[in-house]
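The following exercises are to be worked through with the sequence and the structure at hand. Each task is followed by a solution in steps.

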Amino acid sequence: MSTTPTVPPRRVDASMDLLNQILHQPVDPDYARVAADLAPEDRRRPRAHWWLALVLVLAGTLFAVGALQTNRTRPVQETERAELVERIGAAETQQDALRRQVEDLDGQIDRLRSAALGTDASSRALEAQIDRLGPAVGLASVTGPGVVIVVDDAPATDGDARDQVLDLDLQVLANGLWASGAEAVAINGHRLSALTAIRGAGDAITVDYRSLTRPYRVEAIGDPRTLQARLAESAAGAWWNDLAQNRDMTYQTSDASRLVLDSDPGITLRYARTVDR
Amino acid sequence: MIPLVGLVVGVVLGLVLQPTLPVGLQPYLPIAIVAALDALFGAFRAYLEGTFTDRVFVVSFISNVLIAALIVWVGDQIGVGSQLSTGVVVVLGIRIFTNVAAIRRVLFHA
C-alpha cells in the first residue's frame, strides 16, 4: 500500500470540458447546494413565495408575447415580399421598354448612317461590309433556317447539382454551335455575341446578366443540312449526349425552317475612326 | 399548483393585454424565451429530485433570461449576433433536452 499522493491521470476528454459541463450539469448546481443547507423537514415541502408566482406569470407573458409577435410580423413579411415581387416585375417591364427604345434608336442610327455615307462606291463598299458583319457580331437581327435545341434539368433532381443544367453546359453548347457553323445563336431569346457572358448566379443561369428560366431553348441559325450533324460530331455534342444518357437531362434537337433572332441590345459601339475621303 | 396557475395566468394576461415590446428589444425576445424554457425545465427537474428552492429558481430564471438576451445584444453590437444566438440556442437546447429526458425518466420510469 503506497501512501504517496498520486496525480490522477488526465481524462481523455479533458479538452471537451465545456460540452461535458453542458451535458452533465443541466440543472443549476445551486439547487443542490441550497437544498443541502436546508433542514430535512424544509426539504420535504418546498416553500413557495409570492415572487415565484410573479416570475412564472412573467414567463407565461413572455411566451404569449413571443407567439403573438411572431404571428403579427408574418403578414407584414408576406406583404413586403409581394411588394418586392411587384417591384421586380415593374422593373423588368421598364427594362423591356428601354430595350425596345434602344432597338428603335439603333434603327434610326442605321438610317442616318446610310444617309450620311452617301452613294459613291467606297460608301457602298462600307455599307456592304457593315451588312456582312452585322449579323455575325449580333448587331443585326437574323432570319433563316436553323436548329432548335431544348435542354432541361433531369426530371427527378434531388438537389444534386450534377443533374441540373449548369452555366458551363450552356457555354459548351453555344461554343459547339459556333464551331459547327452557326451564324447566330440565341438562348431563350437572348442573342449571343462574342461579348455575351453565360454565367451562373445563385440558382439561375444568366445570359447578358438576365436570368433564364427552365427549360433552356437554344436557337441557332445556320445551314440546316450540316449544322445538326456537325454539332452531333463535335465535342459539345458528345458532352450533351453524355449528360442526356448518364444524367437523364433533356436534350432535344429539331430542325426549324424559319427562325428570327433579334439583335443583341447589349452591343455598343466601342471603337470608331473617321475615314479619310 | 402555484407554478402551473402562474404560467396559465401569464399566458392569458399576455394574450388579453397584448403588450407591445419596444422595437429595440424585439430581436431578443425569442432567445429570452428559450432561456426561460431552460430555467423552467431545470426547476422542474430539481423539484422532482427534491432539491427545488424558489429563491434559486427566481435568481436563475431572471439571470438566464437577461444573460441570454445580453449575449445576443453584445453579439449584435460586434456583428456576430446571429452566430451567437445560434450558439445560445444550441447550448440551451442541449440542456433542455437533457432535463426533459431526466424528467421523463422520473415521471414515467422509462
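**Exercise 1: One residue and its core**

Leaving aside neighbours within four places in sequence, B:I31 is in contact (C-beta atoms, placed from the backbone, within 7 Å) with B:A68, B:A69, B:V72, B:S85 and B:V88. This is a predicted model, in which local features need pLDDT of at least 70 and side-chain atom pairs count only at pLDDT 80 or more, while totals for chains, interfaces and linings use all residues. Residues are numbered from 1 along each chain as its sequence is written, and chains are lettered from A, with ligands numbered from 1, in the order in which they are written.

Task: determine which helix gives the most to the largest nonpolar core.

Solution.
1. A nonpolar core is a set of buried Ala, Val, Leu, Ile, Met, Phe, Trp, Tyr and Cys residues joined through C-beta atoms within 7 Å; buried means that 20 or more other C-beta atoms lie within 10 Å of the residue's own.
2. The largest such core has 33 residues, and B:I31 is one of those with the most contacts inside it.
3. α4 (50–117) of chain A and α2, α3 and α4 of chain B each supply at least two of its residues.
4. α2(B) gives the most, with 12 residues.

**Exercise 2: The contact between the chains**

Task: state how many residues each chain brings to the contact.

Solution.
1. Chain B brings 39 residues and chain A brings 32 residues.
2. On the side of chain B that touches chain A, α1(B) gives the most, with 11 residues.

Conventions: Contact = placed C-beta atoms within 7 Å. Helix = DSSP H or I, 4+ residues; strand = E, 2+ residues; numbered from the N terminus. Buried ≥ 20, exposed ≤ 12 C-beta atoms within 10 Å, placed from the backbone.
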